[in-house]
Amino acid sequence: MDRRKKREKTTVTKPSTVDASSPPKISPSEAFIVTLSSVLGLGLAFYVANSGFSIDLVTDPSRTIFFIWLVELPIVILLYSRYRQNPRQCMYLRAVGRGLLAVPIGALLNCLGAIALGAPVTFQFLPKTVNWSLMMSLFTTVPASCVLGSSWAHWKRIFAQTQPNGSVEYLICLPAHGAVIGGWFGAWPMPLDWERPWQEWPICVSYGAIGGYLVGLVASCVFVLACARSQHVKQT
Amino acid sequence: MKEREIEGAARRRKITGKWGYTWHLWVTLLLHIAAIVLFTRGFLLTRTELPYYSNSSDVSESQCLYSSSHNNTTTSSWTKPAVNRLIIIVLDALRFDFVAPSTFFPESKHWMDKLKVLKEVVSKSPTSAKIFKAIADPPTTSLQRLKGLTTGGLPTFVDVGNSFGAPAIVEDNFLNQLVQSGKKVVMMGDDTWTQLFPHHFERSYPYPSFNVKDLDTVDNGCIEHLFPSLYEDDWDVLISHFLGVDHAGHIFGVDSTQMTEKLEQYNSILEKVIEVLEKESGPGRLHENTLLVVMGDHGQTLNGDHGGGGAEEVETAIFAMSVKKPPSSVPVEYDTSSCQLDLDGKNVCVSSMQQLDFAVTMSALLGIPFPYGSIGQVNPELYALGAGSWNLDVSQQLSESDIWIQNYANILCINSWQVKRYIDAYSASSAVGFSSDDLSRVASVYAQAENHWLHSTKKLRLDKRDIDALVPALKKQIESYFNFLRTVAELARSKWTEFDLRMMGAGIAIMSISLIFQVLAILRANSQDGATLASSGYAWFFSASAFAFFLLGMRAVSFLSNSFILEEGKVANFLLSTSGIVALRKSVVKGKLLKESVGFLLLSTFCRFGIEIGLSKQASTSAFMKEYTSWILNIASGLAVWNHAAEVVPILVLIILAFWLYKATSDIFFGWPRKIVVVCTILSYMLIIVHWITENNRYILAFMPESIGRIYIPRIVYAILLGQLLLLVFAQLFRGNSSDCKTNLVVKTTAMLSAWSSTVILLSGKQGPMVAFASIVGGYCIMRLCDIEDDAKNGPQRRLSIGPFPVMQWNLFATCLFFCSGHWCAFDGLHYGAAFIGFEEFMLVPQAIILTLDTYGFSIILPVFGLPFLVAMKYKADLGKHVLFTQLSQMYTTYGLITAIMTTFTIYCVTMHRRHLMVWGLFAPKFVFDVFGLLLTDVLICLASLYYFDQGKDAHNHN
């Protein structure tokens with residue numbers, strides 16, 4: 001479930017200033033907006049694919065996943081870049097830039113992970129695999145990259161140890177883990193001999209990943225709320 | 001309290017020496033043996049093949065012959081021959097709905113009504129041609145069905161007496177009786193027939209049946225030889241076995257254009273055959289009295305599968321046509337036919353029969369002795385087709401149907417006598433015979449029928465005046481014989497096709513007890529050891545253990561579905577990669593061993609491709625592995641570069657392995673016996689290289705006789721293995737004077753592994769060195785990764801017991817290697833070719849051992865003997881023998897537990913799916929492989945414990 005740590009290795013430009021600054025904060029309402037827009041983005045992508053091109057994940061997985069990541073890309077990058085660490089030293093555009101940079105790198109790592117786990121590598125699956133990896137990249141690495149930048153310590157803490165610290169990190173960590181774990185479970189029906197079209201790579205894995213991602217988003221909202229409440233209690 | 005327990009345990013161990021560490025391994029072995037024997041008795045139905053044969057003179061022992069005007073013909077033959085020649089056309093996997101008119105079925109599908117000619121013949125002359133729905137008995141695989149058809153018995157999944165590798169039928173059978181009676185048999189088509197009956201055919205034209213993708217070779221071969229043979233008179237029985245429909249079903253399914261084309265092709269072939277027969281049917285012509293039988297050996301599902309007991313699989317068809325028109329039809333009492341108008345408005349009748357009855361009915365028609373082990377009954381309708389040749393005895397003043405009944409009663413008498421003789425002989429000679437209740441029931445039914453025969457029917461027959469009383473008496477007689485034969489068939493089906501649930505339940509219960517026992521053994525060792533478990537490692541230890549058991553559980557549960565069993569290799573690899581990813585995560589946290597964890601992940605990725613290639617072979621051709629023991633040779637075999645690489649790379653890798661072994665052993669101190677072992681292994685590697693070179697290059701063969709390379713080198717390698725093992729046992733007598741117990745363990749393990757490796761590599765063929773290489777790398781990675789939690793700062797004194805995680809990885813990796821080396825859990829996944837490395841002739845015991853070594857070499861033998869490395873690498877310093885051996889014994893228990901859990905789930909799964917249509921095709925082979933693997937693992941663990949724990953006693957004596 002954790003191709004991500006490899007990705008950290010690659011994205012590490014310098015294990016630079018391990019900014020010990022306080023973790024960025026996010027209010028429950030903002031977290032709710034992020035979650036809602038991500039969910040709405042997914043819904044929009046499905047709606048566009050379905051009504052505009054009359055395709056869905058089963059009939060044309062490649063293009064549908066393409067729509068998903070195309071719609072999610074601006075939403076995720078633009079929203080998460082607002083909660084970047086050290087907003088004073090780091091410009092908004094820079095955060096957007098590193099978010100964009102993380103898209104292909106994360107896709108590569110996700111793709112390698114999927115291949116290690118048994119994703120087909122034949123040529124006919126290439127577009128599907130590429131689109132799936134880009135989607136997974138948006139679910140997993142891109143938010144982290146926008147917020148955390150290239151801080152190896154933070155990446156390690158969030159992805160290898162699953163110890164998010166602070167509300168924004170919950171919003172990064174839980175959906176990403178949810179997507180990967182959901183994808184892992186989504187792969188299980190694939191060998192069954194039901195001969196349904198959705199058993200093909202990467203359809204059910206995508207369903208699993210999207211489902212896990214949504215669960216992760218909701219859970220992170222809950223955590224953010226809990227966080228805010230406990231801080232509120234502390235302050236008072 | 002606890003301390004006292006530990007003390008007590010330590011004292012006990014002091015007394016019992018190494019048995020203190022290993023006694024539970026032996027108990028586990030015994031429990032497993034008991035469980036498996038019980039379960040197998042209930043599940044894997046076995047039947048003993050009897051070595052008896054029917055003789056034409058036997059029949060005089062029965063009371064059936066009556067000394068009247070008929071006796072001049074019947075002294076030397078069982079029945080009067082009714083047909084002279086027999087043509088059997090077998091269409092493999094012929095579904096019943098291919099033959100019967102579509103109006104018999106609720107819905108008309110487009111694969112129906114393709115064999116039009118059969119229906120036309122039947123509707124034109126209903127007395128001389130018939131269509132039967134033939135019910136086959138599971139297992140519905142071609143080999144078992146052909147065996148059942150010819151022996152008239154119920155072949156089970158395991159027929160005791162079946163010879164390994166060569167499936168020739170040794171039981172009495174229809175073809176054997178034909179040959180004994182001097183009939184000549186010609187065969188064309190599926191080469192399974194020549195495997196089953198190597199010496200029975202006058203002429204045969206076998207075509208290889210293993211290439212499922214090839215729809216036409218076998219069929220074209222059949223056609224090529226069938227039509228010329230029809231005009232020849234040098235045969236009495238002609239068998240032509242077409243495979244196209246079976247292959248089309250396997251590849252494209254029933255609902256496909258290929259299938260329709262095949263059926264249309266058969267239709268035209270059959271049209272021509274019938275045309276020829278009719279042309280030659282005149283008096284004195286070739287086919288004056290010929291019977292044509294067109295039949296399927298079994299059916300198939302819409303996907304083309306067969307093997308189980310589903311309705312689609314067991315329902316096949318028999319079409320029979322007598323060239324000589326029989327005068328009468330069967331009396332209505334014995335007519336099972338039901339008639340329907342077909343689409344063209346013609347009346348077509350379809351009867352029904354058991355495939356079990358085929359052998360005996362054909363024997364009766366041809367007038368040869370019935371096969372000894374046949375338990376079928378002479379089918380009245382099929383038998384009636386031969387009625388045309390009976391010379392009607394006008395003097396008897398009987399109607400045709402009365403004569404028919406008289407004849408039939410007589411045949412049934414012989415039939416019943418023969419079946420009774422078989423049942424008696426079987427229960428007398430088989431270890432697992434019928435129960436005495438069943439036997440006495442059968443005997444009483446038979447005695448009743450026999451009484452009736454002796455006291456009323458026979459008298460009435462001799463006394464020709466009372467004709468009116470004769471016919472009802474005969475009918476009653478036939479009814480009582482039917483009753484007897486039905487009873488026997490029921491009994492035989494319950495014995496050979498039904499499971500004994502009580503036995504299976506007992507087996508499952510004992511298996512579950514053994515699991516509990518193993519868990520308790522592990523916990524006990526933990527509690528003795530647990531005091532030293534450091535708290536900081538706790539979290540990782542337990543989360544890793546939980547994760548290991550989660551993966552284990554996923555794998556075990558996956559066995560409950562046939563699809564996951566089919567793709568077991570991929571599932572195992574998926575879990576292995578997952579565990580690799582988790583290990584990588586951990587190593588990122590710890591910031592060390594990154595190289596090993598990435599390497600492990602890469603290795604599992606490579607394994608994945610190996611497994612996929614293996615699986616594609618499994619899907620495409622069933623008998624592929626018999627031809628090529630190593631799949632590596634066959635990837636892209638078109639490329640010249642690849643061919644060269646395939647020859648050179650294994651040799652290079654083997655040289656690297658030899659070099660490694662040399663390097664690894666040169667810097668540790670080895671006692672001289674073990675030094676010799678390692679040197680011998682390197683010598684074996686060199687011999688293997690020579691063996692491969694001589695195999696490929698023909699010009700080298702000019703310098704030395706071929707047999708040296710092919711026969712003697714492998715034998716030398718086997719001999720070296722034996723010598724090495726003896727030497728290792730011998731070396732046990734010398735106490736290694738290296739004081740360090742840990743080094744001693746490493747040395748022993750290395751020596752043991754190197755001894756086995758050469759033979760295993762030789763048997764695996766050219767892929768062997770690569771797999772060996774992979775297993776070394778994988779083993780090394782697992783070994784290193786298992787001390788990921790050990791922080792140097794904690795000092796050498798701190799130790800953690802090795803959790804189940806590395807052991808589970810070890811086990812998963814071994815499973816992956818099994819699939820990687822081109823095996824799978826089915827009997828066609830065995831590399832029969834490997835059994836003949838070093839042997840020209842068939843010898844059961846050595847070749848069975850070699851086949852076991854090939855199949856389980858990489859997946860059980862090497863991993864089990866290599867397990868001590870995990871312990872040895874874990875502890876940097878020598879902590880004393882007690883710690884080391886406690887750990888080792890705990891690890892062996894864990895390994896055994898993991899294997900046992902897998903096997904237990906396989907057992908649950910075959911129990912649940914015992915009525916599944918894939919039970920014989922998929923679940924039973926998986927069961928056999930797993931159970932055999934479990935026993936082998938247990939035995940090897942016990943042997944390894946004898947080998948590795950041997951110094952324990954000494955240690956305590958010193959202390």
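Start by colouring the salt bridges: there are 22 of them over all chains. Keep in mind as you click around that this is a predicted model.

**Stop 1: a charged pair in chain A**

Select A:Glu30 and A:Arg82. Their side chains meet in a salt bridge, with N to O at 3.7 Å. That still passes, because the cut-off for a salt bridge is 4 Å. Now turn on the cartoon. A:Glu30 sits in helix H2 of chain A, residues 28-52, while A:Arg82 is in the loop between helix H3 (61-81) and H4, so the pair ties together parts 52 residues apart in sequence. Is A:Glu30 buried or exposed? Neither label fits: A:Glu30 counts as partly exposed, at 24% relative accessibility. A:Arg82 is also rated partly exposed, at 45%.

**Stop 2: A:Arg157 and A:Glu169**

Stay in chain A and pick A:Arg157 with A:Glu169. They form a salt bridge too, and the closest N and O atoms are 2.8 Å apart. Here the connection runs from helix H6, which holds A:Arg157, to helix H7, which holds A:Glu169, so parts 12 residues apart in sequence are tied together. Switch on a surface and look for the two side chains. A:Arg157 is buried, with a relative accessible area of 16%, and A:Glu169 counts as buried at 1%.

**Stop 3: across to chain B**

Keep helices H6 and H7 of chain A on screen and bring chain B in. What touches what? In this model 28 residues of chain A are in contact with 26 residues of chain B. Between them the two chains bury about 2400 Å², and 71% of that is on carbon and sulfur atoms. To see where the area goes on the chain A side, select A:Leu117, A:Trp184 and A:Trp188: they lose the most area to chain B, together 27% of what that side buries.

How many salt bridges are there between chain A and chain B? The count is 0. For polar contacts, look for 9 residue pairs between the two chains, with both residues at pLDDT 80 or more. Next, highlight helices H1 (4-11), H4 (92-117), H6 (152-160) and H7 (167-186) of chain A; each supplies at least two residues of the side that touches chain B. Colour that side by residue type and you get 16 nonpolar, 4 polar and 8 charged.

**Stop 4: charges inside chain B**

Hide chain A for now and select B:Arg95 with B:Asp97. This salt bridge has its closest N and O atoms 2.9 Å apart. B:Arg95 is buried, at a relative accessible area of 6%, and B:Asp97 is buried with 6% as well.

Then jump to B:Arg555, B:Glu568, B:Lys926 and B:Asp930. Show all four as sticks, since what you're after is a network: salt bridges link these residues together.

**Stop 5: the cysteines**

Select every cysteine sulfur. How many disulfides does the structure hold over all chains? Just 1. Zoom to B:Cys339 and B:Cys349, whose sulfur atoms are 2.0 Å apart in that disulfide. Measure the torsion about the S-S bond and you should get about 95°, so the disulfide is right-handed. B:Cys339 belongs to strand S10 (residues 338-341) of chain B and B:Cys349 to strand S11 (residues 347-354), the two being 10 residues apart. B:Cys339 is partly exposed at 40% relative accessibility, and B:Cys349 is partly exposed too, with 21%.

Compare that with A:Cys173. Its sulfur is 12 Å from the closest cysteine sulfur, in A:Cys227, which is too far for a bond. A:Cys173 counts as buried, at 0% relative accessibility. Over in chain B, B:Cys781 is in no disulfide, and the nearest cysteine sulfur, that of B:Cys607, is 11 Å away. B:Cys781 is buried as well, at 5%.

**Last stop: B:Arg421**

Finish on helix H15 of chain B, residues 400-429, where B:Arg421 lies. B:Arg421 counts as buried, with 15% relative accessibility. Which residues is B:Arg421 in contact with, leaving aside its neighbours within four places in sequence? Show B:Ser54, B:Asp58, B:Trp78 and B:Tyr372. For one more distance, draw a line from B:Arg421 to B:Lys80: they are 341 residues apart in sequence and 21 Å apart in space, C-alpha to C-alpha.

Key. Residues numbered from 1 in each chain as written. Chains lettered and ligands numbered in written order. Predicted model: local features only at pLDDT ≥ 70, side-chain atom pairs only at ≥ 80, totals over all residues. Heavy atoms only, no water. Contact = heavy atoms within 4.5 Å. Buried area = accessible area lost by both parts, 1.4 Å probe. Polar contact = N/O pair within 3.5 Å; in protein donor to acceptor, adjacent residues only side chain to side chain. Helix = DSSP H or I, 4+ residues; strand = E, 2+ residues; numbered from the N terminus. Nonpolar A, V, L, I, M, F, W, Y, C, P; charged D, E, K, R; others polar. Buried < 20%, exposed > 50% of the residue type's maximum accessible area, 1.4 Å probe, protein only. Disulfide = S-S within 2.5 Å.
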